Structures are given as C-alpha cells and as structure tokens.
Amino acid sequence: KFRVQLVTPEQAHEWLQQNYKNRRLIKPYLRRYANDIRNGRWMLNGECLIFSDYGMLLNGQHRLHAIIETGIAIPLGIIEGVSSEAFITLDQQGKRTFAQNLEMDGYKNARTIAAAVSFVRVIESGVISARQMSIEDSFAVLGEHPGLVESAALIGPLCKRNIFEPGPFVAFYYLATTKHPGNTTAGIFFDRLFSGSNLEKGSPVYSLREQLIASAGSKRLRTIHKIAIAIKAFNATLTGKSLKFLKWAEDESFPEIL
C-alpha cells in the first residue's frame with residue numbers, strides 16, 4: 001500500500017516510537033537530510049518510509065529525525081504492509097551492514113561476530129573470496145554456527161587488535177575447538193597463544209606468536225595470511241611437530257584444520 005503524505009515533526013516523533021528495531025543514527029546521513037530540508041533542496045523521490053505489516057518502522061528513521069531537528073514538514077512516500085522478514089534486505093547499498101543488523105537484534109560484540117562469520121566461511125571452504133556474503137547468507141552461517149556468539153564473548157576480549165584481529169581469530173578458535181572438543185592440547189595451544197605464557201622456543205605456538213607480534217610492526221601480514229599460518233601452527237601442535245618458521249603463499253591451498 002503506497003501513499004504520499006506531508007509529514008510533520010509531530011507525526012515523525014510518533015512514528016519513531018515504532019522504530020524499536022533500527023540501527024543507531026548515522027550523523028552524516030542525518031546532517032545531509034537536515035541541510036537539504038533547511039535549504040529547500042528536499043525533493044520527493046522514490047525513497048519511501050517503509051512500515052511492516054505490524055506497523056513497525058523498517059526504513060526511514062534518518063529522514064524522520066531530520067524533520068524533527070529542522071521543525072519543517074516535508075512530503076514523503078510511504079509504503080505499508082511490508083513483511084517484517086524483509087527487513088534484513090533493506091539498505092543493501094552500503095548503508096546497513098551485517099554487524100548493524102546484529103546490533104539491532106540485540107547481539108553484543110556484533111562487529112566481532114560479523115567478522116567471525118565471514119572467516120568461518122573462508123576457513124570451511126578454503127576459498128578466500130567466500131567472505132564476501134550477503135546479509136541473508138551471513139545470518140544463515142550464524143544459524144549453522146551459533147557457538148560463535150559465545151566464542152566472541154570469550155575470545156574477543158583477549159585479542160590485541162594489532163596482533164590478533166578479533167573476528168578472524170574468534171572464527172579460528174571456534175572451528176578448532178569445535179572440531180576437538182575437550183582436547184587438552186588444543187586448549188593449551190590457545191591459552192599460550194593469547195596469553196604468551198609458558199611458551200617453549202621452537203614450538204609452533206611460540207613461532208606463531210612471534211611472527212604475529214613482528215607483523216604488528218614493520219613486517220605486516222594480511223589477516224588471511226595470519227589465519228593460514230595459525231592453522232598450520234595448530235595442526236603442527238596436534239601432531240607433535242616443531243616449527244621454527246611458519247609460511248603460507250596465496251598461490252597454495254588454504255590450510256584445513258586437522
């Protein structure tokens with residue numbers, strides 16, 4: 001159902017009360033809309049306020065906030081009766097990210113979880129480009145791996161961002177420990193990797209940590225490279241091998257967790 005309506009600040013305020021599942025305000029968007037309204041540049045175009053079949057505001061909060069901020073009524077297109085399930089498909093041109101959708105659904109550590117989801121797909125498939133996913137695909141992967149939420153809460157705070165990028169290393173930790181539940185060797189590997197304690201020179205985890213620390217300086221490694229050598233170090237630890245230096249080239253197959 002479509003209509004055009006002159007939306008007043010009072011009406012905008014009322015509709016925003018139905019905005020309980022939208023992302024945080026992005027100030028540059030709000031400023032742009034408000035400036036256009038103040039300067040008489042606002043034009044009715046194909047962008048509409050969208051309401052669900054239950055009356056929830058699905059799209060348009062920045063325009064409504066701009067109306068309130070300027071105190072000026074403007075005409076807006078309005079579409080009602082859209083399925084609530086269609087919410088995740090809105091604003092797909094770089095506006096609403098998977099992490100923002102998670103935040104709106106009440107997830108803590110949303111950015112870490114979102115990054116972890118993309119790297120789970122990479123590690124599982126061995127295809128580097130697999131991390132480029134739609135929001136629908138990202139939700140599907142999270143549905144297959146709900147333990148990522150707990151891993152993000154547990155491991156995310158241990159990650160020093162210039163050494164261990166939280167999302168990718170959460171994905172690595174989750175997949176490795178899920179594959180080897182209760183494995184003492186796996187547990188010790190991650191404890192020593194993140195804490196730096198009880199490391200033995202020449203052990204795979206020692207070599208890995210040293211290379212990651214060096215990468216935080218001048219010898220920077222791409223994140224995908226870090227995860228590849230981390231998997232190699234983990235596999236070597238499980239099989240009892242010593243490794244003084246870890247390497248991986250992008251023209252070789254992405255390593256699989258044993």
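# A tour of the helices and loops

Start by selecting Asn-109, which sits in the loop between helix H4 (98-104) and helix H5 (110-125). The model on your screen is predicted. Colour the backbone of Asn-109 and look at its phi angle: the value is positive, about 55 degrees, although Asn-109 is not a glycine. Most residues other than glycine have a negative phi. Is Asn-109 buried, partly exposed or exposed? With a relative accessibility of 38%, Asn-109 counts as partly exposed.

**Stop two: H5 against H7**

Keep H5 in view and add helix H7 (residues 147-155). Two packed helices are described by the angle between their axes and the distance between the axes. For H5 and H7 the angle is about 120 degrees and the axes are 10 Å apart. An angle of that size lies outside the ranges for parallel, perpendicular and antiparallel pairs, and H5 and H7 are therefore oblique to each other. H5 passes H7 in a right-handed crossing. To see the contact, show the side chains of Thr-112, Ile-113, Ala-116, Val-117 and Val-120 in H5, then those of Leu-148, Val-149 and Ala-152 in H7. Sorted by class, the residues of this contact are seven nonpolar and one polar, with no charged residues.

**Stop three: the loop after H5**

Next select Ala-130, in the loop between H5 and helix H6 (135-144). Its relative accessible area is 15%, so Ala-130 is buried. Draw a distance from the C-alpha of Ala-130 to that of Val-120: the two residues are 10 apart in sequence and 9.3 Å apart in space. Which residues does Ala-130 touch, not counting those up to four places away in sequence? They are Arg-121, Val-122 and Ser-125.

**Stop four: Ile-163**

Move along the chain to Ile-163, in the loop between H7 and helix H8 (166-179). Ile-163 has a relative accessibility of 9% and therefore counts as buried. Leaving aside neighbours within four places in sequence, show what Ile-163 is in contact with: Phe-169, Leu-212, Ile-213, Ala-216 and Lys-226. Then add Ala-214, which is 51 residues from Ile-163 along the chain, while their C-alpha atoms are separated by 8.6 Å.

**Stop five: H8 against H11**

Select H8 together with helix H11 (residues 223-239). The axes of these two helices come within 10 Å and cross at roughly 25 degrees. That angle makes H8 roughly parallel to H11. The crossing of H8 past H11 is right-handed. On the H8 side, display Pro-168, Phe-169, Phe-172 and Ala-176; on the H11 side, display Thr-223, Lys-226, Ile-227, Ala-230, Ile-231 and Phe-234. By class, this contact of H8 with H11 has eight nonpolar residues, one polar and one charged. Phe-169 and Lys-226 belong to this contact, and both were also in the list for Ile-163.

**Stop six: H9 against H10**

Now show helix H9 (residues 184-195) and helix H10 (residues 204-215). How far apart are the axes of H9 and H10? They are 9 Å apart, and the helices pack at an angle of about 30 degrees. Angles under 35 degrees count as roughly parallel, so H9 and H10 are roughly parallel to each other. H9 passes H10 in a right-handed crossing. Turn on the side chains of Phe-189, Arg-192, Leu-193, Phe-194 and Ser-195 in H9, which meet Val-205, Leu-208, Arg-209 and Leu-212 in H10. The residues of this contact divide into six nonpolar, one polar and two charged.

Between the two helices, select Asn-198, which lies in the loop joining H9 and H10. Asn-198 has a positive phi of about 55 degrees and is not a glycine. With 57% relative accessibility, Asn-198 counts as exposed.

Stay with H10 and select Gln-211. The relative accessible area of Gln-211 is 12%, so this residue is buried. Not counting residues up to four places away in sequence, Gln-211 touches Ile-229, Phe-245 and Leu-246.

**Last stop: the cysteines**

Finish with two cysteines. Cys-48 counts as buried, at 10% relative accessibility. Cys-159 is also buried, with a relative accessible area of 8%. A disulfide is a covalent bond between the sulfur atoms of two cysteines. How many disulfides does a search of the whole structure find? The search finds zero.

Methods. Residues are numbered from 1 along each chain as its sequence is written. This is a predicted model: local features need pLDDT of at least 70, side-chain atom pairs count only at pLDDT 80 or more; totals for chains, interfaces and linings use all residues. Side-chain values use heavy atoms; hydrogens and water are left out. Axes are lines fitted to C-alpha atoms, for helices over the stretch in contact, and angles run from 0 to 180 degrees between N-to-C directions. Helices (H or I, at least four residues) and strands (E, at least two) are DSSP runs, numbered from the N terminus. Angles under 35 degrees count as roughly parallel, over 145 as roughly antiparallel, 65 to 115 as roughly perpendicular and the rest as oblique. A crossing is left-handed if the near helix is turned anticlockwise from the far one by less than a right angle, and right-handed if clockwise. Contact means heavy atoms within 4.5 Å. Ala, Val, Leu, Ile, Met, Phe, Trp, Tyr, Cys and Pro count as nonpolar, Asp, Glu, Lys and Arg as charged, and the others, Gly among them, as polar. A disulfide is a pair of cysteine sulfur atoms within 2.5 Å. Buried means under 20% relative accessible area, exposed over 50%, partly exposed in between (1.4 Å probe, protein chains only).
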